[in-house]
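This briefing is meant for a reader who is meeting the structure for the first time. Please look over the sequence and the model before reading the points that follow.

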Amino acid sequence: MLKTFDLKTGYNEIIDITAEVEQAVEESGVQEGTVIVYNPHSTAGLTVFSPWDPAGFMDLDDEIRRLIPTRIDFHHQHDTPQDAAGHLKSALFGVSLSFIIHGGKLLIGSSQKVYFLEFDGPRTRKFQVKVQGD
């Protein structure tokens, strides 16, 4: 089963998409298998992160910006410096994640959530969830 979800994002926004992934798993009826979350955008990424301390998101954002700051000396200047930085951030984080389905549930840790990372924006985005049974 393949399910597509739509998102409206803001600049540098981190969006919890765990509920959507869990919904796709539940609707599939798959008891044992895998789920792939895919982001078809080159200036956005996916990650697993802990939501328990909200300051952690500030740390994540600070470190992403420190590692790849928006600057004007990128060779790639098709759109804006923000766009060029977004492409690099996406390449480092990646555009897909895979998880195990066990007992009809998404198998993630109790302190883990699935996040869509917007490195450009605001944008209208999509992400896909593919559920496969064993």
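**Sheet and overall form**

In this predicted model, five strands form an open sheet of 5 strands in the order β1-β8-β3-β5-β6, and their pairing is antiparallel. The edges of the sheet are taken by β1 (2-9) and β6 (105-107), each of which has a single partner strand, so one side of each is left without a neighbour in the sheet. On average, and with direction ignored, neighbouring strands of this sheet are turned by 30° against each other.

**Pairing within the sheet**

- Strand β3, made of residues 32-38, and strand β5, made of residues 96-102, are paired in the antiparallel sense over 7 bridges.
- Within this part of the sheet, Glu 32 stands opposite His 102 in β5.

**Layout of the chain**

- The secondary structure of the protein chain comprises 3 helices and 8 strands, and along the sequence these elements follow the pattern β-β-α-β-β-α-α-β-β-β-β.
- The protein chain has a radius of gyration of 16 Å, close to the 14 Å that the globule rule gives for 134 residues, and it is therefore as compact as a globular protein of that length.
- Measured out along its principal axes, the C-alpha trace of the protein chain spans about 50 × 30 × 20 Å.

**Contacts, burial and surface**

- Among the contacts in the protein chain with a separation of 6 or more, 81% are accounted for by residues 24 or more positions apart.
- Of the 134 residues in the protein chain, 40% are buried.
- The protein chain exposes about 7,400 Å², and carbon and sulfur atoms supply 55% of that area.

How values were computed: Residues numbered from 1 in each chain as written. Predicted model: local features only at pLDDT ≥ 70, side-chain atom pairs only at ≥ 80, totals over all residues. Heavy atoms only, no water. Pairing = 2+ DSSP bridges. Helix = DSSP H or I, 4+ residues; strand = E, 2+ residues; numbered from the N terminus. Axes fitted to C-alpha atoms, helices over the stretch in contact; angles between N-to-C directions. Rg over C-alpha atoms; globule rule 2.2 N^0.38 Å. Buried < 20%, exposed > 50% of the residue type's maximum accessible area, 1.4 Å probe, protein only. Contact = heavy atoms within 4.5 Å. Areas by Shrake-Rupley, 256 points an atom, 1.4 Å probe, with all protein chains shown as cover.
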